[in-house]
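Let's take a walk through a protein model together, one region at a time. Keep the structure open beside you and look for each residue as it comes up.

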Amino acid sequence: MSQDIQTPTGGPGPDNPSADGDKLDAAVLKVAGVVVLGAIMSILDITVVSVALPTFQTEFDATYAEVAWTMTAYTLALATVIPLTGWAADRFGTKRLYMTALALFTAGSVLCSLAGGITELVAFRVVQGLGGGMLMPLGMTIMTRAAGPHRIGRVMAVLGIPMLLGPIAGPILGGWLIESFTWHWIFLINLPIGIIALVYAWRVLPKDSPEPSESFDWTGMILLSPGLALFLYGVSSIPEEGTIWATKVLVTAAIGAVLIVAFVFHAFRPEHPLVDLRLFKHRNLTVAVITMAFFAIAFFGASILFAAYFLQVRGESTLMAGVLLVPQGLGAMIMMPVGGALVDRIGPGKVVLTGLVLTTVGMAGFTQVAADTSYWLLLSALFVMGLGMGLTMMPTMTAALATLTDHTIARGSTLMNIIQQVAASIGTAVFSVVLTNQLKSGEKLGDLLQLPPGTPSEITDASLANAAIGSRSVPELFDMLSGAGLLQRGFAEAADAFGVAFTLATILIGLTLIPAFFLPRKRIERETEGESQVPVVMH
């Protein structure tokens, strides 16, 4: 594959790594700036919108199930377009495709801010998702080609920062924008960032060298993209339906699964499949994919519960709930550069195992949460969890991509992003159902109204009903319930429900140690298959 980027003779590069060459030089950091900007927009947008759902209900006079589609539509669009990214990157070139994705995402953001109804907003979120779905896999491809294989650990550490900080900064930013301005600004904020990223990409990214001879796998697209969309639609409907046996869940997920299985059988036939499953012949990639899948189900599934605990059990505001999650981001920021450097020197195995142990210990701190658990304990647990995340996620992706040749990097990035997206969606659905069922299994309010003995006689079903329609003020109702100890009882039961979900997450993350044990424990030597090494970007 021809290249327009050259490494100076005798300088540090993939074939001549030196101590100084292991560092990310200024040229590579410029490319990293473009990629990080795109990743920030894509990842922050998911979490920023999540805090705006109650506002959407009020603004558009819609039910929660209706406004939840603003999240689901974006996720489905991501899942649909990610499989196309590998082929499109080879066919059209990463620079042109990345700029197209930025433009599509930015345009979708502006359209979302102009939406006059919930249906329009959902449709425009699809446009956003089509652009956002290409940004992360393309960003990984661009950065890996720019830095060279011997620095891929440091590259992944850079790319992991927005991926880990998005769930933390998103609620803070979203809460601030909605409280200080209007909901429109959670989308409009992407306009200046998108314009800057587009100009930056045009100036910094190297010229493309596409391969127009590669054919497109139409059969694969017809099978995989709708298959992923239907499967994730079914899985995403589980919390709303409350059971996996609902027709909406079972039928759509089953059809999607059949299409995905059909794609698996088809993928080994064409020379250039939509997603190259032949990459699984690389042992490191296979082990890393399994590790990533287990970890994404457990961690990303449980991550939705941290803010919910602070909001529902501790009564914090949306903005404060986001602030309380900051220690996790700090832990990740501290360890990600360390993890990237260690992977480049000693390989990912020991690094990932250490990270998983720390993540498990941190998650275990939440297994015994109560309605009055010390914030010092919880924030310390989040910090330890962040340290573990910094040593886990990006080193795992490094293990998957480090042995791939230049031509297969885009396909490997696409494969890893699909696995992560599907696993995270499954985890989110599983933990939502676990929490919901645990909350439902607690004592009903009608039963609690009979307890404890000596409950004031005025607290009856009738009085609560009257309060609900306005004959009593909310403060009066809360005073009545507090006097009877019912609020405290309810918060305690809710905390217990969260504790069960966090216990499940702790067990699943612990089980991830099993596949991680087989990751390489020494520096990975890049495999070659008759293709040129990836040169370092120099300007």
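**A walk through the model**

Let's begin at Arg91, which counts as partly exposed, with a relative accessibility of 27%. Arg91 sits in helix 4. If you look across from there to Ser209, you find a residue 118 positions away in sequence, yet the two C-alpha atoms are 8.9 Å apart in space. Keep in mind as you look that this is a predicted model.

Now follow helix 4 itself, which covers residues 69-92. How far apart are its end C-alpha atoms? They are 32 Å apart, which agrees with the 34 Å that 24 residues should span at 1.5 Å a residue. On the way along you meet a bend of about 40 degrees at Thr85. Next comes Gly86, also part of helix 4. Is Gly86 buried or exposed? Its relative accessibility is 0%, so Gly86 counts as buried. The C-alpha atom of Gly86 lies 9.8 Å from that of Pro273, although 187 residues separate them along the chain. Helix 4 as a whole has 18 of its 24 residues buried, so the rest of the structure largely encloses it. Just after the helix, Gly93 takes a positive phi of about 100 degrees.

Let's step back for a wider view. The protein chain contains 24 helices and zero strands. Of its 539 residues, 55% count as buried. Among the chain's contacts with a separation of 6 or more, 83% are between residues 24 or more positions apart. The pairs Arg91 with Ser209 and Gly86 with Pro273 have already shown you residues far apart in sequence with a short distance given between their C-alpha atoms.

What lies inside? The largest nonpolar core has 117 residues, and those with the most contacts within it are Tyr98, Met363, Phe366 and Phe498. Helix 13, residues 283-312, gives this core its largest share, 17 residues. Apart from this core lies another one of 21 residues, including Val48 and Ile178. For background, nonpolar side chains tend to be buried together in soluble globular proteins.

Helix 13 deserves a visit of its own. Its 30 residues reach 44 Å from the first C-alpha to the last, close to the 44 Å expected at 1.5 Å a residue. There is a bend of about 30 degrees at Ala296. The helix is mostly covered, with 21 of its 30 residues buried.

From there, move to Met363. Leaving out residues up to four places away in sequence, Met363 touches Phe299, Ala302, Phe306, Met385, Phe502, Ala505, Thr506 and Ile509. Pick out Thr506 from that list: it belongs to helix 23, residues 486-511. Where does Thr506 stand on the scale of burial? With 13% relative accessibility, it counts as buried, because the cut-off is under 20%. Beyond its neighbours within four places in sequence, Thr506 is in contact with Thr360, Met363, Ala364 and Thr367.

Another buried residue to find is Gln420, which has a relative accessibility of 14%. Gln420 is in helix 19, residues 406-440. Its C-alpha atom is separated by 9.0 Å from that of Phe295, although the two are 125 residues apart along the chain.

Charged side chains are our next stop. Side chains of opposite charge can pair when their charged atoms come close. How many salt bridges are counted here? The count comes to one. Asp276 forms it with Arg278, and their closest N and O atoms are 3.8 Å apart. Asp276 is buried, with a relative accessible area of 15%, while Arg278 is partly exposed at 29%.

Finally, think about how confident the predictor is. The average pLDDT of the protein chain is 77, and 77% of the residues score at least 70. Over residues 443-478 the pLDDT is below 50, and this stretch has 35 contacts in the model beyond near neighbours in sequence. Residues 527-539 also have a pLDDT below 50, with 53 contacts in the model beyond near neighbours in sequence.

Key: Residues are numbered from 1 along each chain as its sequence is written. This is a predicted model: local features need pLDDT of at least 70, side-chain atom pairs count only at pLDDT 80 or more; totals for chains, interfaces and linings use all residues. Side-chain values use heavy atoms; hydrogens and water are left out. A salt bridge is a side-chain nitrogen of Lys or Arg within 4 Å of a carboxyl oxygen of Asp or Glu. Buried means under 20% relative accessible area, exposed over 50%, partly exposed in between (1.4 Å probe, protein chains only). Helices (H or I, at least four residues) and strands (E, at least two) are DSSP runs, numbered from the N terminus. Contact means heavy atoms within 4.5 Å. A nonpolar core is a set of buried Ala, Val, Leu, Ile, Met, Phe, Trp, Tyr and Cys residues joined through side-chain atoms within 4.5 Å. The expected span of a helix is 1.5 Å times one less than its number of residues. The bend at a residue is the angle between axes fitted to the seven residues ending there and the seven starting there. pLDDT is the predictor's confidence in each residue, from 0 to 100.
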